[in-house]
Amino acid sequence: MEKQTISNACSLHARIGWQGLTKAEYLDSGDYFLVTGVDFSDGLIDFEHCHYVTKDRYDQDEHIQLKNDDVLVTKDGTIGKVAIVHELDKPATLNSGVFVVRPKNPDELIPEFLVFALRSNHFARFIEQIKVGCTIAHLNQEKFLKYEIPRISIQKQKYIIDIMRCTEKLIKWRKQELQKLDDLIKARFVEMFGDPINNPKGWNMVELGALTVIGSSKRIFERDYVSEGVPFYRTKEIVELSKGNIVSTEFYITEERYAEIKQKYGVPKVGDLLVSAVGTIGVIWIVDGKKDFYYKDGNLIRVDGSQRFNSMYMKILLGNLIAEYKKQMSTGTAYAALTISGLAKMKVYDVPIEAQNQFAGFVHQVNKSKASVQKALDETQLLFDSLMQKYFG
């Protein structure tokens, strides 16, 4: 496939450093949008969350006064993020961390085709190479101008754009289906038990620690890691398991070490809940017993399964309570975490186990539908990725 450089195909502009736009000049309201990399959202600009600048700052550089179909690329911070400007309804300009990329000849390069080219794995690898050895990542204009994109006819560009659009729409629809199924579970919970924060049905409330044992694991040291054996899970693996994804295990302990821990202290069993406590707080996975594993202390909290509650019911309830807990955590906390004592003191509904089981049965049926939708989503995502590889490398 014939290639062309960004330099040959496009003009490239950004706010010049000497213009000295500072965050102190970012306004909460006004008539002139200021677009930054933070405002990129799913390949578009989220104008509802943009700051504003004065007219003088907008007028300062006509080259970065935005218009619809402008392609934007972040050059500082998280470099290489891409968005296209659509539905611009008032004047807008850029801060110093974003390039605006415009085809020199609209009859030779369609902006949306350029966007797909810059979302490719090929461009991602280009960005990763730039990051190597850098303390602070920066997309240099000279290097960016040398990046090569496919040079094909407008007709072929339109054909590729149509295919990629259709595939993306399917992915979006599948994700919306999954979200609606999640919303259905939440709605059913509220219908049966009420809002877990306000308790409008007046259920008796008890501390979680009064229902079951809550704790963590025994310390595993770095010297205990081996290249194969019993998987050792951290937050990353629990997030993957909670989504039904294949676990990309990186750490293991020996069978002998696992057997020793199991005999002396016990290990997670079917029905236990593992809750992420650091970083991505509040992800919950119900232990399914399909394979032996151990887990990292501090990162994960174990809620022992109990005859006093249904694990699926408790997972949904705790998900709501932990979400509220995160909202109430101090915004100034440098190190936010969920503690064992904090989880044990959370008050939960003390509802009849029969009602819990009924709710869990409903969730089980919904999860069957979710599994079918997720399979279709995975297949469509695989198709999208293969098409991106085919057309852009």
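Which residue lies over the face of Phe221? In this predicted model, Arg223 takes that place, at 4.5 Å from the ring centre. The legends below begin with charges over rings and go on to salt bridges and aromatic pairs.

**View 1. Charged side chains lie over the rings of Phe221 and Phe33.** Arg223 is placed over the face of Phe221, with 4.5 Å to the ring centre. The face of Phe33 is covered in a like manner by Lys90, here at 5.2 Å from the ring centre.

**View 2. Glu25 and Arg57 form a salt bridge.** Side chains of opposite charge can pair when their charged atoms come close. The closest N and O atoms of Glu25 and Arg57 are 2.8 Å apart. Glu25 belongs to the loop between β2 (10-13) and β3 (33-35), and Arg57 to helix α2 (residues 55-59), so the salt bridge ties together parts that are 32 residues apart in sequence. Glu25 has a relative accessible area of 27% and is partly exposed, whereas Arg57 has 13% and is buried. The value for Arg57 counts as buried because it falls under 20%. A search of the whole structure gives 24 salt bridges.

**View 3. A salt bridge joins Asp182 and Lys370.** The N to O distance between the two side chains is 2.6 Å. Distant parts of the chain are linked by this pair: Asp182 is in helix α6 (residues 154-193) and Lys370 in helix α12 (residues 353-392), 188 residues apart. Both ends are partly exposed, Asp182 with a relative accessible area of 26% and Lys370 with 22%.

**View 4. Arg234 and Glu237 pair within a network of salt bridges.** Their closest N and O atoms are 2.9 Å apart. Arg234 is buried at 17% relative accessibility, and Glu237 is buried with a relative accessible area of 0%. Through shared partners, salt bridges connect Arg234, Glu237, Lys236, Glu240 and Glu250 in one network.

**View 5. The rings of Phe113 and Phe392 form a tilted pair.** A pair of aromatic rings is described by the distance of the centres and the angle of the planes. For Phe113 and Phe392 the centres are 5.2 Å apart and the planes stand at 55°, so the pair is tilted. Phe113 lies in helix α3 (residues 111-118) and Phe392 in helix α12, which places the partners 279 residues apart and links distant parts of the chain. Both Phe113 and Phe392 are buried. The count of aromatic pairs in the model comes to 24.

**View 6. Phe193 and Tyr313 meet edge-to-face.** The ring centres of Phe193 and Tyr313 are 5.1 Å apart and the planes are at 70°; the pair is edge-to-face because that angle is over 60 degrees. Phe193 is in helix α6 and Tyr313 in helix α10 (residues 311-328), and the pair links these distant parts of the chain, 120 residues apart. Phe193 is buried, at 0% relative accessibility, and Tyr313 is buried, also at 0%.

**View 7. Ring pairs build a cluster that includes Phe193 and Tyr313.** The other members of the cluster are Phe189, Trp203, Tyr349 and Phe359.

Conventions:
Residues numbered from 1 in each chain as written. Predicted model: local features only at pLDDT ≥ 70, side-chain atom pairs only at ≥ 80, totals over all residues. Heavy atoms only, no water. Salt bridge = Lys/Arg side-chain N within 4 Å of Asp/Glu carboxyl O. Helix = DSSP H or I, 4+ residues; strand = E, 2+ residues; numbered from the N terminus. Buried < 20%, exposed > 50% of the residue type's maximum accessible area, 1.4 Å probe, protein only. Phe/Tyr/Trp six-rings, centres within 6.5 Å; stacked < 30°, edge-to-face > 60°. Lys NZ or Arg CZ within 6 Å of the ring centre and 35° of its normal.
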